[in-house]
Amino acid sequence: MMAHGINPYTFGPFSAPGPFTNEMSPRWVFSPAPYGPLWMQIAHAIVGVSGNHPTVAVLLLRLPVLVGVLLAA
Amino acid sequence: MTLPSIARRIGGRTELGLWLGVASPLTLVLGVGGGHNDLLMAGLLVAGLAVVCQGSWTALVLGSAILGIASVVKTPAVAGLAFAVPIWLHVRQPHRRGLPPVRMIVSSSAVAGAVGIATMTIVSVGSGLGWAWVHEISSDISVVNWLSVPTAIAIFLKLATGHVSGATSLDASMRFIRSLGSALTGVVLAVLWFVALRRAPLTCLVIGLGAAAVLVPAVQPWYYCWALVLAGLVVTRRWVWIVLMTTIVSSVIMIRPNGRASRWIRP
């Protein structure tokens, strides 16, 4: 969505249909994002790196989470 | 490095803190396995507090900036920013009885608040997304399960008054009770903040984060990580450990391996 210049706090993922929304639970398709802007930028960067591939993006998304766990250790 | 450093300054057993905060099945299976940003927030929260615990004014500024960054990952970290003040005051005078001087409370709150809000502003504006996220967190989320106490009360009241078919639907009555839960979260955090100025500031923060994780409108089991990441340093009573262990083990079972919520948290 952010790649398309759509504000994720105003619209749900349905406004940027594609390989990501195809894999989504219908419950969330119309929900705007509840996360902070830094997380949105991280997610945006990961989608870019993954080459728009949902499986790769889902795996890469574990990296920032792992960084969080290491920060607490 | 961060949890052990907090343990050295405030107390608590490092190995228990790490075991509960970092190595628990909830952290690893649901947090990392599920790819939830709660864990990045929790890590930044611990890192920010570890810096604050160094006790100097520079430490308060740097720590508050990290806590500001944690807050723009996920909002519960704002509680960590608020409690940075009593924690910092405690580290500077660990043996003080009663309230710290008002002058110190006001000046440290001003510094932590200004740095934290400035950091959040820079990231919000710099990301091009602005402040819209502040509104989004208060909106009613479609997740309905009994892990959220206000949601559970709403379901129970509707069942008790004979509204069986719409018991779990997100209607005006559920929204109202959920908003009471959010207001109560604010009151609990405010009271704990004043208690924290006198004694046990880290314990107060853990209780506050735990209360938030059951009182917000919609709860997922990995929200417990907000409090659990620090809880290992402050829990001493055996029965509390048993409650936490039970919570962690049952949380992991609540979400099935395919990522869907198990039958027994969906009413």
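Is Cys225(B) buried or exposed? In this predicted model, Cys225(B) counts as buried, at a relative accessibility of 3%. A second cysteine of chain B, Cys204(B), is buried as well, with a relative accessible area of 5%. The closest cysteine sulfur to that of Cys204(B) belongs to Cys53(B) and lies 14 Å away, which is too far for a bond. A disulfide is a covalent bond between the sulfur atoms of two cysteines. Over all chains, the count of disulfides comes to zero.

Chain A comprises 73 residues, of which 33% count as buried. Its secondary structure consists of four helices and zero strands, and the order of elements from the N terminus on is accordingly α-α-α-α. Among the contacts in chain A with a separation of 6 or more, 37% are accounted for by residues that stand 24 or more positions apart. The area that chain A exposes is about 4100 Å², and carbon and sulfur atoms supply 70% of that area.

One residue of chain A illustrates a contact between positions that are far apart in sequence: His44(A) and Ala3(A) are separated by 41 residues along the chain, yet their C-alpha atoms are 7.3 Å apart in space. His44(A) is found in helix 2 of chain A, which covers residues 37-49, and it is partly exposed, with a relative accessible area of 31%. When residues up to four places away in sequence are not counted, His44(A) touches Met2(A) and Ala3(A).

The contact between the two chains takes 27 residues from chain A and 37 residues from chain B. Together, chain A and chain B bury about 2500 Å² between them, and 70% of this buried area is on carbon and sulfur atoms. Between chain A and chain B, the count of salt bridges is zero.

Side chains of opposite charge can pair when their charged atoms come close. Over all chains, the count comes to three salt bridges. One of these joins the side chains of Glu15(B) and Arg13(B), with an N to O distance of 3.0 Å. Within this pair, Glu15(B) is partly exposed, with a relative accessible area of 46%, whereas Arg13(B) counts as exposed at 52% relative accessibility, the cut-off for an exposed residue being over 50%.

Another salt bridge is formed where the side chains of Lys74(B) and Asp38(B) meet, at 3.3 Å from N to O. Lys74(B) lies in the loop between helix 5 (57-71) and helix 6 (77-92) of chain B, while Asp38(B) is in helix 4 (residues 37-52) of chain B, so the pair ties together parts that are 36 residues apart in sequence. Both partners, Lys74(B) and Asp38(B), are buried.

A further salt bridge is that of Asp171(B) with Lys158(B), in which the closest N and O atoms are 3.1 Å apart. This pair, too, links distant parts of the chain, as Asp171(B) sits in the loop between helix 9 and helix 10 (172-198) of chain B and Lys158(B) in helix 9 of chain B, 13 residues apart. With regard to accessibility, Asp171(B) counts as partly exposed at 26%, whereas Lys158(B), at 8%, counts as buried.

Helix 9 of chain B, which spans residues 149-160, also holds Leu157(B). At 42% relative accessibility, Leu157(B) counts as partly exposed. Leu157(B) belongs to a nonpolar patch on the surface, which is formed with Val149(B), Ile153(B) and Phe156(B) and which has about 360 Å² of accessible area in total.

Elsewhere in chain B, Ser24(B) occupies the loop between helix 2 (14-21) and helix 3 (25-34). Despite this loop position, Ser24(B) counts as buried, because its relative accessibility is 3% and the cut-off for a buried residue is under 20%. With neighbours within four places in sequence left aside, Ser24(B) is in contact with Trp19(B) and Ile248(B).

How values were computed:
Residues are numbered from 1 along each chain as its sequence is written. Chains are lettered from A and ligands numbered from 1 in the order in which they are written. This is a predicted model: local features need pLDDT of at least 70, side-chain atom pairs count only at pLDDT 80 or more; totals for chains, interfaces and linings use all residues. Side-chain values use heavy atoms; hydrogens and water are left out. Helices (H or I, at least four residues) and strands (E, at least two) are DSSP runs, numbered from the N terminus. Buried means under 20% relative accessible area, exposed over 50%, partly exposed in between (1.4 Å probe, protein chains only). Contact means heavy atoms within 4.5 Å. Patches are made of residues with over 30% relative accessible area and no salt bridge: like charges are joined within 9 Å, nonpolar side chains (Val, Leu, Ile, Met, Phe, Trp, Tyr) within 5 Å. Accessible areas come from the Shrake-Rupley method with a 1.4 Å probe; for residues, only the protein chains shown count as cover. A salt bridge is a side-chain nitrogen of Lys or Arg within 4 Å of a carboxyl oxygen of Asp or Glu. A disulfide is a pair of cysteine sulfur atoms within 2.5 Å. Buried area is the accessible area (1.4 Å probe) that two parts lose on being put together, summed over both.
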